[in-house]
Amino acid sequence: MSKTNNIVFKSLHIVAWVIFVGLCIEVGGLIVNFIFSLYKPEFIQNLYQKVDLSEMYERSKWAFFSMYSFILVIAILKSVLFYVVIRLVGKIDLSKPFNSFVSRQISQISYYTLSIGLLSYIARQSAKNLVHRGFVTDNLNQFWADSQAFILMAAVIYVIATIFKKGIDIQNENDLTV
């Protein structure tokens with residue numbers, strides 16, 4: 001492996017860790033917001049991202065719990081996605097990249113990405129439905145604004161995973177014939 005590739009992969013590993021830590025902090029902040037919104041709603045304006053759904057909680061607990069569940073699940077899935085990316089970048093061997101571990105990790109990345117995209121789309125449509133019922137959901141759009149991008153990215157990653165699976169089959173076939 002050339003020195004340039006080694007530097008690029010180390011840089012990617014560091015960037016993936018930074019994003020993972022940031023996403024974990026976001027999940028922690030959202031969980032703290034959730035707990036405070038239930039017990040001390042007057043402190044919400046001072047907390048992380050100022051996600052104040054206290055009015056929604058007072059009007060409809062079902063709407064509050066469904067929207068916050070979407071927010072938390074999407075944030076957790078993004079954290080798990082980058083954990084899988086960290087494992088992949090940390091353990092990939094560029095001298096022999098076509099192995100079952102890499103193929104499984106890339107497939108997992110595509111599944112998590114698709115899950116995030118679909119859940120984001122469903123959450124966005126649910127929020128639009130709540131707007132028609134008089135709820136204010138403008139501050140929630142930041143959590144699922146990129147649903148189509150995740151769905152498209154999942155398709156591209158799935159194609160790459162399929163190519164890796166085919167590469168493994170070809171490599172195993174070549175190993176048997178030699």
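A residue is called buried when its relative accessible area is under 20%. By that criterion, buried residues make up 36% of the 178 residues in the protein chain of this predicted model. The chain is built from 5 helices and 0 strands, and its aromatic rings form 10 pairs.

**Overall architecture**

- Read along the sequence, the protein chain shows the pattern α-α-α-α-α.
- The radius of gyration is 21 Å, well over the 16 Å that the globule rule gives for 178 residues, so the chain is more spread out than a compact globule.
- Along its principal axes, the C-alpha trace spans about 70 × 30 × 20 Å.

**Contacts and surface**

- Among the contacts in the protein chain with a separation of 6 or more, 75% come from residues 24 or more positions apart.
- The protein chain exposes about 10700 Å², and carbon and sulfur atoms supply 65% of that area.

**Aromatic pairs between helices H1 and H3**

- The count of aromatic pairs comes to 10.
- In the pair of phenylalanine 34 and phenylalanine 64, the ring centres are 5.9 Å apart and the planes stand at 10 degrees; this pair is stacked, because planes under 30 degrees apart count as stacked.
- This pair links distant parts of the chain: phenylalanine 34 belongs to helix H1 (residues 3-39) and phenylalanine 64 to helix H3 (residues 61-91), with their positions 30 residues apart in the numbering.
- Phenylalanine 64 has a relative accessible area of 0%, so this residue is buried.
- Phenylalanine 34 also forms an aromatic pair with tyrosine 68, at 5.1 Å centre to centre and with 45 degrees between the planes, and this pair is tilted.
- Phenylalanine 34 lies in helix H1 and tyrosine 68 in helix H3, so their pair ties together parts that are 34 residues apart in sequence.
- Tyrosine 68 has a relative accessible area of 1%, which means that this residue is also buried.

**The aromatic cluster**

- Phe34, Tyr57, Phe64, Phe65 and Tyr68 form one aromatic cluster.
- Two members of this cluster, Phe64 and Tyr68, are the buried partners of Phe34 described above.

**A charge over a ring**

- Arginine 59 lies over the face of phenylalanine 135, at 4.2 Å from the ring centre.

Definitions and conventions:
Residues numbered from 1 in each chain as written. Predicted model: local features only at pLDDT ≥ 70, side-chain atom pairs only at ≥ 80, totals over all residues. Heavy atoms only, no water. Phe/Tyr/Trp six-rings, centres within 6.5 Å; stacked < 30°, edge-to-face > 60°. Helix = DSSP H or I, 4+ residues; strand = E, 2+ residues; numbered from the N terminus. Buried < 20%, exposed > 50% of the residue type's maximum accessible area, 1.4 Å probe, protein only. Lys NZ or Arg CZ within 6 Å of the ring centre and 35° of its normal. Rg over C-alpha atoms; globule rule 2.2 N^0.38 Å. Contact = heavy atoms within 4.5 Å. Areas by Shrake-Rupley, 256 points an atom, 1.4 Å probe, with all protein chains shown as cover.
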